[in-house]
Amino acid sequence: MDPRHDIELFAGVSDSEYQWMLANSHDLRLEVGEYFIREGETGTRFYVVLEGEMQIQRVLDGVPTIMGTTPRGIIGGEITLLLQIPSPMSAQAILPTQLMVFEEAAFRALVAQVPVVGARILQIGTDRIANTTSRRVQQEKMAALGKLSAGLAHELNNPAAAARRSASSLRELLPTLQRHSIDLCASGLHAQQLNMLLVFQQDVIQHRADVKVLSPLEQSDREDELADWLDELGFADGYAMAPVFSAGGIRRDDLQDLLTHFPESASIYILNWLKTALEVADLLYEVDDGTRRISELVGAVKEYTYMDQAPLQPVDIHRGLDNTLRVLNHKLKSITVQREYDLNLPHLMGRGGELNQVWTNLIDNAIDAMKGKGTLRLITRLENAYAMIEVNDSGTGIPPEVMSRLFEPFFTTKPVGQGTGLGLDVTYRIIQQHNGSIDVQSHPGETRFIVRLPLQGV
Ligand code: ADP
Ligand code: MG
């Protein structure tokens with residue numbers, strides 16, 4: 001059958017053009033299981049499938065993945081020839097297959113000799129390149145999202161658990177507080193005296209946050225002083241009370257002064273009530289602290305992803321860096337972070353969410369290179385019309401043979417499952433889209449990724 005009838009690539013090709021193609025190509029037959037090309041090989045041939053079918057495969061993240069198949073009419077090999085890159089895919093026959101093959105020189109001549117076909121090949125090639133690029137970005141986004149949610153789950157866990165613990169302790173403690181309040185009211189104090197107690201308690205609670213943190217030695221001295229005194233007064237549980245009062249910044253003299261205003265018989269009720277009231281206040285403070293931390297985290301993530309904002313806007317680089325640090329906090333535990341910010345740096349026009357992805361990728365790599373321990377420096381500087389942002393780590397450094405391949409998609413030195421090899425590829429493209437540049441300098445013990453972005457942006 002003359003392929004010009006049904007193969008789109010050949011539609012509208014004249015007789016002489018078709019004769020030229022026949023004269024400058026040859027047929028190739030593949031049996032089932034035979035490869036036309038393998039991923040990574042140098043490709044020197046362009047093909048059109050005339051009969052049968054091949055499977056297109058590529059290894060993604062160490063896993064062989066089927067990308068599609070090639071029924072009659074499908075072309076291939078053009079990207080490798082046009083871009084002069086190793087073949088990004090393997091092609092293996094799954095049916096007995098007949099190909100029309102152009103060797104490299106004939107392929108180049110084809111574009112000039114049969115312009116209709118040449119234009120179609122270029123169009124298909126460009127579409128395919130665009131397609132793999134956007135798939136790559138998508139893949140990296142998914143990986144970033146996975147990292148983000150893992151980090152977030154980790155970060156949310158502590159404050160959430162603390163708030164829940166405090167809330168359930170509160171539930172147990174409230175009946176005790178009520179009991180002590182009733183006892184206190186029944187102890188025969190008049191309204192003015194009760195009021196004085198309330199004022200004292202409120203004063204303590206209000207200043208709770210300002211209480212100086214004592215050294216363990218000072219603290220146990222204070223507690224001992226309180227406990228001994230309570231013991232002398234004849235309180236059986238003085239040693240349980242002392243830490244609560246001491247944590248509230250109350251000293252023995254404060255309590256001594258307070259008690260002089262009341263009959264001795266009321267002391268036990270006053271101290272019991274005061275201790276429980278302070279415990280309740282502490283628990284409420286912890287609930288408040290935990291839930292505030294949770295909403296701060298949610299706020300950071302919201303800003304980090306620029307969830308509800310327009311894509312192109314003035315970006316505060318320092319906020320972006322800080323939010324990124326917050327999101328990656330769980331990996332930074334034994335790393336010293338030094339923020340060396342140039343406070344003269346103005347906001348720049350850009351895509352905040354994408355720039356945060358850049359900081360995340362660079363900081364993430366720095367953390368990996370330091371194996372969790374070392375110094376991470378984030379340095380910013382205003383350089384004329386540019387913002388300079390440096391991510392500097394004290395890690396292993398980048399070996400020279402790795403240096404030249406750093407920004408290649410899928411290039412990674414990390415074990416399967418840990419590295420996607422896409423971080424720097426995506427980073428590079430985002431920076432390019434912002435008309436910026438990225439520069440790397442490295443020796444063992446120090447690696448610097450230096451990003452420059454124009455202030456007026458994209
Ligand atoms: P991945 O982190 O998934 O491996 P990247 O594109 O982010 O992919 O990085 C590619 C490679 O570059 C890494 O595997 C690593 O070998 C190297 N690299 C990147 N940043 C650093 C760094 N700060 N220190 C040392 N090596 C680095
Ligand atoms: Mg990375």
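How far does a polar side-chain atom of T413 lie from an oxygen atom of ligand 1? In this predicted model, the separation comes to 2.5 Å. T412 makes a similar approach: an N or O atom in its side chain sits 2.5 Å from an oxygen atom of ligand 1. D393 picks up a nitrogen atom of the ligand instead, with a polar side-chain atom 2.8 Å away. Not much of ligand 1 is left showing, as the protein covers 93% of the 530 Å² of accessible area that the ligand has on its own.

Zooming out a little, 19 residues surround ligand 1, and those coming nearest are N365, T412, T413, K414 and T420. Sorted by class, this shell holds nine polar, eight nonpolar and two charged residues. Three elements, α11 (352–369), α13 (423–433) and β15 (446–454), each give it two or more residues. The top contributor is α11, with three.

The helix α11 turns up again in the packing of the protein. It is the main supplier of the largest nonpolar core, giving seven residues to a set of 37. At least two residues each also come from α10 (317–327), β12 (374–383), β13 (386–393), α13, β14 (437–443) and β15. Inside this core, the residues with the most contacts are I317, W359, I363, L376 and L453. Leaving aside residues up to four places away in sequence, W359 touches I317, G320, L321, T324, I389, V451 and L453. Another core lies apart from this one; it has 31 residues, including L173, F200, F235 and V244.

Terms used
Residues numbered from 1 in each chain as written. Chains lettered and ligands numbered in written order. Predicted model: local features only at pLDDT ≥ 70, side-chain atom pairs only at ≥ 80, totals over all residues. Heavy atoms only, no water. Near = heavy atom within 4 Å. Polar contact = N/O pair within 3.5 Å; in protein donor to acceptor, adjacent residues only side chain to side chain. Areas by Shrake-Rupley, 256 points an atom, 1.4 Å probe, with all protein chains shown as cover. Helix = DSSP H or I, 4+ residues; strand = E, 2+ residues; numbered from the N terminus. Nonpolar A, V, L, I, M, F, W, Y, C, P; charged D, E, K, R; others polar. Core = buried A, V, L, I, M, F, W, Y, C linked by side-chain atoms within 4.5 Å. Buried < 20%, exposed > 50% of the residue type's maximum accessible area, 1.4 Å probe, protein only. Contact = heavy atoms within 4.5 Å.
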